[in-house]
Amino acid sequence: DEPQPSIGSWASYGLGSLTEDLPRYVVLGGPTRSDTRQSIDSCYLGPEHAGVTLSLDPADPLPFARRRPGHAAEDQAREFALLERLNGLAAVEYPADAELRARIHAYELAFRMQSAVPEAVDFGQETAATQSRYGIDQPHSRDFGMQMLAARRLVERGVRFIQVQHGAGGAGSWDAHGGLRANHEHNALAVDQPIAALLEDLAQRGLLDETLVVFASEFGRTPGSQGSDGRDHHIYGFCCWMAGGGIKGGTVHGATDEIGFHAVTDRHYVTDVHATILKLLGLDSRRLEVPGRKRLEVDHGTPIDGILA
């Protein structure tokens, strides 16, 4: 089967941009391995719709577009202008070259991002109370708290889709084949306060009603043990939660059997989750078809109407 674009890429493709100075689709915190790159890949939609990974270091958030020391902004602007002319000439000769089109767009965006991105991740503009609410003043929640606060600031600045990955195969990974209790307690301590702060902050700023928050995982963990104190990967029954834009608050949808092995009530595949997200964003996956790239029915899914307000 042909790989399909990620959900963030479909949102980028279907919704377009609200800002010319930041990417439509931003990734914070991962992925770190080549075999998980598909979670942010755009595949046949074109490279311009792939997730753009940002660092949260205000001094160096965008290393691929940073000016070298002593390199004046005016000189760099002239260099980008020359590249635009050269790429434009090539684009006339190769109008169907998606990679070239994306490269032209990337150069233009990268130049504008040099000022927009450091400002977006400059937490010095936030009060000490706000930073504390996100847990940035605590070592166990600092990194994820910064990602959640950055997510709110990016939403305010018009970024369409923000993907935050906690423990992307490295430190903080939830993949507890051993020591599950210690692993999950450690990770919950890292993420709970920042997530609560994000929801509270969005609500206080009047943004939650128009911002969809989705907290999901790649798979669950087995109800039975692996070894003495671990759990294996489990795909037959696990959950995610959503909040904000268009979601019916306080709703519990679906259930597993009595030992948590199989989903038995209101069962859904991941494509149903995708279809629900797209619907809440005002999109229909069937109307996002690309000529010559007809998807199978199983690739679409059905919106989960029972959780919609």
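## Starting at Leu28

Leaving aside its neighbours within four places in sequence, which residues is Leu28 in contact with? In this predicted model, the list is made up of Leu54, Leu56, Gln147, Ala150, Ala151, Leu154, Ile162, Gln163, Val164 and Gln165.

## Two nonpolar cores

Leu28 also belongs to the largest nonpolar core, a set of 29 residues. Together with Tyr134 and Leu154, Leu28 is among the residues with the most contacts inside this core. Strand E1 gives two or more residues to the core, as do helix H3 (98–120), helix H5 (142–156) and helix H6 (180–204).

There is also a second core, separate from that one, with 20 residues. Its members include Trp10, Val273, Leu283 and Leu288. As general background, nonpolar side chains in soluble globular proteins tend to be buried together.

## Aromatic pairs

How many aromatic pairs does the structure hold? The count is five. One of them joins Trp10 and Tyr44: the ring centres are 6.2 Å apart and the planes stand at 70°, so this pair is edge-to-face. Trp10 sits in helix H1 (residues 7–15), while Tyr44 lies in the loop between strand E1 (25–28) and strand E2 (52–53), so the pair links distant parts of the chain, 34 residues apart. Trp10 has a relative accessible area of 5% and is buried. Tyr44 is buried too, at 16%. These two residues form one aromatic cluster with Tyr13.

A pair with another geometry is made by Tyr236 and Phe261. Here the ring centres are 6.0 Å apart and the planes are at 15°, so the pair is stacked. This pair also links distant parts of the chain, with the two positions 25 residues apart in numbering. Tyr236 is in the loop between strand E6 (233–234) and strand E7 (241–244), and Phe261 is in the loop between strand E8 (255–256) and strand E9 (263–265). Tyr236 counts as partly exposed, with 47% relative accessibility. Phe261 is partly exposed as well, with a relative accessible area of 30%.

## A look at Thr271

Our last stop is helix H7 (residues 270–280), where Thr271 is found. Is Thr271 buried or exposed? Thr271 is buried, because its relative accessible area is 12%, and buried means under 20%. Leaving aside its neighbours within four places in sequence, Thr271 is in contact with Val298, Asp299, His300, Gly301 and Thr302.

Conventions. Residues numbered from 1 in each chain as written. Predicted model: local features only at pLDDT ≥ 70, side-chain atom pairs only at ≥ 80, totals over all residues. Heavy atoms only, no water. Phe/Tyr/Trp six-rings, centres within 6.5 Å; stacked < 30°, edge-to-face > 60°. Helix = DSSP H or I, 4+ residues; strand = E, 2+ residues; numbered from the N terminus. Buried < 20%, exposed > 50% of the residue type's maximum accessible area, 1.4 Å probe, protein only. Contact = heavy atoms within 4.5 Å. Core = buried A, V, L, I, M, F, W, Y, C linked by side-chain atoms within 4.5 Å.
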